[in-house]
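Me: Could you take a close look at one part of this structure for me, the place where the two chains meet? I'd like a connected walk through it rather than a list.

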Protein chains: 2
Amino acid sequence: MQEVISAIRKAKSAIILTHMDPDGDAIGSMIAVHLALKEMGKRTSMYCKDPVPEMYNFLPESGKVKDSLNGGKYDIAIAVDCGDSKRVEGGIDLKGLAGTVINIDHHPDNTKFGDINLIEKISSVSEILFKLFKKMRLKMSQDIAVCLYAGIMTDTGNFRYDYTTPETLLIAASLAKAGAEISRIAMAVYETKTLSSVRILGAAMYRLETSQSGHVAWTVLPKQLMDSLGAKSEDLTGLVDQIRTIKGVEVAILFREEDDGIKVNFRSKFKANVSDIAKALGGGGHIRASGAIMQGTLEEVKEKVLAEVFKVIK
Amino acid sequence: MQEVISAIRKAKSAIILTHMDPDGDAIGSMIAVHLALKEMGKRTSMYCKDPVPEMYNFLPESGKVKDSLNGGKYDIAIAVDCGDSKRVEGGIDLKGLAGTVINIDHHPDNTKFGDINLIEKISSVSEILFKLFKKMRLKMSQDIAVCLYAGIMTDTGNFRYDYTTPETLLIAASLAKAGAEISRIAMAVYETKTLSSVRILGAAMYRLETSQSGHVAWTVLPKQLMDSLGAKSEDLTGLVDQIRTIKGVEVAILFREEDDGIKVNFRSKFKANVSDIAKALGGGGHIRASGAIMQGTLEEVKEKVLAEVFKVIK
């Protein structure tokens with residue numbers, strides 16, 4: 001931490017980068033570093049390959065995040081929330097951007113790609129930054145507090161996941177005291193769902209089917225139904241995870257009819273390896289989250305998939 | 001607060017009561033008082049007209065909550081989370097149960113029905129109890145911490161509603177330090193949904209209606225639909241909050257047909273005062289969360305309620 005502080009203090013210019021497909025901790029911590037360095041009188045830029053998701057537009061200076069590099073050189077490059085330098089973007093040469101690369105992250109499998117690596121396995125990069133700024137005796141402005149609060153809140157699933165510690169809550173309280181408005185931030189992030197996403201979730205849950213034991217649960221979304229509710233593919237984000245939250249469900253499956261075939265998404269809770277199941281059906285993924293695109297009618301695909309799943313769990 | 005402490009210290013026996021159709025704060029704070037008094041060597045009973053919802057069964061001694069009175073007499077009766085003595089149950093004569101009635105509550109429109117009234121307009125009764133127990137220098141056991149954490153967590157909508165203050169988070173942190181396991185409690189409450197609760201959520205969202213502007217959204221659940229999905233009253237917990245999560249929705253309303261009338265629940269986001277709306281309809285509650293029980297057909301009640309809501313926001 002002391003090394004990071006020295007490097008920041010010495011630098012006159014900095015570029016702050018985060019991973020593609022950014023989440024709340026990525027955006028929140030990137031902007032927090034930008035604001036802190038700006039307050040210290042440094043010239044800064046922010047870079048993310050993908051645009052800031054709409055729900056994070058309320059964050060201060062979120063409009064200043066760039067999706068391209070202007071070829072400039074910086075004294076330091078600070079990558080936040082990137083377990084691997086490839087997460088920033090395949091093509092970027094971090095070492096070519098700046099004299100010193102600082103890697104601030106909380107992923108347990110971080111590759112330590114920086115010249116200086118500040119890795120702590122806690123809830124979020126935002127929580128690491130809170131401690132860093134404290135050590136730097138930086139005045140916690142309201143804007144910085146809002147960014148860090150948003151980062152901690154989103155990366156802990158709103159204070160639910162199991163790395164939410166008493167200290168995480170203490171830090172959140174401290175940020176709230178510094179001006180992060182708890183309910184406004186929660187509302188901005190969690191309460192801006194589209195009507196079509198809520199309706200398609202409703203249809204999916206209403207149509208839910210389960211195996212006799214209740215260990216396997218699935219729902220089928222024909223294209224016609226999605227069209228009638230005005231639902232788009234992005235409206236289905238998180239839907240299969242919601243199926244998994246049901247008591248007793250070990251494997252959750254979402255079947256959706258798209259133009260290029262039937263998309264099948266799998267999630268498992270504790271036991272089943274859905275990566276193997278997806279592979280057997282021509283797809284792929286992880287043990288707990290996988291998928292496949294299949295051809296045939298919804299009925300045919302459903303039958304084939306369930307037969308494969310029932311080999312493992314019924 | 002000092003009066004409450006004296007009354008508790010003097011009493012040898014106590015009955016603790018909470019409102020019908022109990023939520024997490026009702027059950028959590030009732031059990032917390034029971035455990036605290038038990039630790040002080042007092043004889044206690046707990047009463048709630050309706051059973052403890054399944055998702056709160058993980059709370060210690062939740063099995064000891066009774067749904068009938070045995071005709072016994074107590075030195076004190078402590079009502080928690082009841083804005084009005086009628087919320088306990090129409091038929092019970094609190095003053096006949098005990099020499100002294102203590103009313104501990106956080107509803108702004110509390111009718112002060114107790115001999116001693118401890119009313120604080122903060123997040124939850126559990127938060128009031130934390131301060132009370134602190135003042136009493138009571139040792140915070142893990143069991144009590146779990147109950148109070150569950151009460152605060154649920155009544156703040158998992159630290160999202162606008163009466164979640166920095167102090168609320170500090171208290172939650174303190175309870176977590178005292179042994180309340182954050183993620184276990186969140187999982188128990190939020191991630192062990194029953195199939196019927198997911199199906200009724202689906203039906204509710206699928207049937208969602210909105211005003212032309214999209215500022216008011218509501219859903220209507222006829223008894224027949226609930227019965228056909230095997231849904232119970234407790235399966236509807238949080239449903240009206242989910243309606244509010246839609247972008248642009250300022251007032252969310254849930255209409256449900258029950259044996260004793262049409263239950264109407266209101267939530268508001270930033271502007272509308274749904275406490276006033278509920279009062280105009282014979283109900284009560286908070287600015288952001290309120291409710292009423294009304295008589296008539298679903299159609300009649302819906303028309304009457306929407307007319308009242310549309311006076312404020314369309």
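Reply: First, a salt bridge here is a side-chain nitrogen of Lys or Arg within 4 Å of a carboxyl oxygen of Asp or Glu. By that rule, there are four salt bridges between chain A and chain B. Keep in mind that this is a predicted model. One bridge to pull up on screen joins the side chains of A:Glu191 and B:Arg244, at 3.2 Å from N to O. Beyond salt bridges, 13 residue pairs are in polar contact between chain A and chain B, counting pairs with both residues at pLDDT 80 or more.

Which parts of chain A are involved? Helix 6 (166–177), helix 7 (182–190), helix 8 (195–206) and strand 7 (209–210) of chain A each bring at least two residues to the side that touches chain B. That side of chain A breaks down into 22 nonpolar, 11 polar and nine charged residues.

As for the extent of it, 42 residues from chain A and 44 residues from chain B take part in the contact. About 3900 Å² is buried between chain A and chain B, and carbon and sulfur atoms give 65% of that. A:Glu191 turns up again here: with A:Arg160 and A:Tyr206 it supplies 17% of the area chain A buries against chain B, more than any other three residues.

Now swing over to chain B and its helix 7 (residues 182–190), where the buried residues are B:Ile182, B:Ser183, B:Ile185, B:Ala186, B:Ala188 and B:Val189. The cover over them draws on both chains, including helix 6 of chain A as well as helix 5 (142–155) and helix 6 (166–177) of chain B.

Terms used:
Residues numbered from 1 in each chain as written. Chains lettered and ligands numbered in written order. Predicted model: local features only at pLDDT ≥ 70, side-chain atom pairs only at ≥ 80, totals over all residues. Heavy atoms only, no water. Contact = heavy atoms within 4.5 Å. Buried area = accessible area lost by both parts, 1.4 Å probe. Polar contact = N/O pair within 3.5 Å; in protein donor to acceptor, adjacent residues only side chain to side chain. Helix = DSSP H or I, 4+ residues; strand = E, 2+ residues; numbered from the N terminus. Nonpolar A, V, L, I, M, F, W, Y, C, P; charged D, E, K, R; others polar. Buried < 20%, exposed > 50% of the residue type's maximum accessible area, 1.4 Å probe, protein only.
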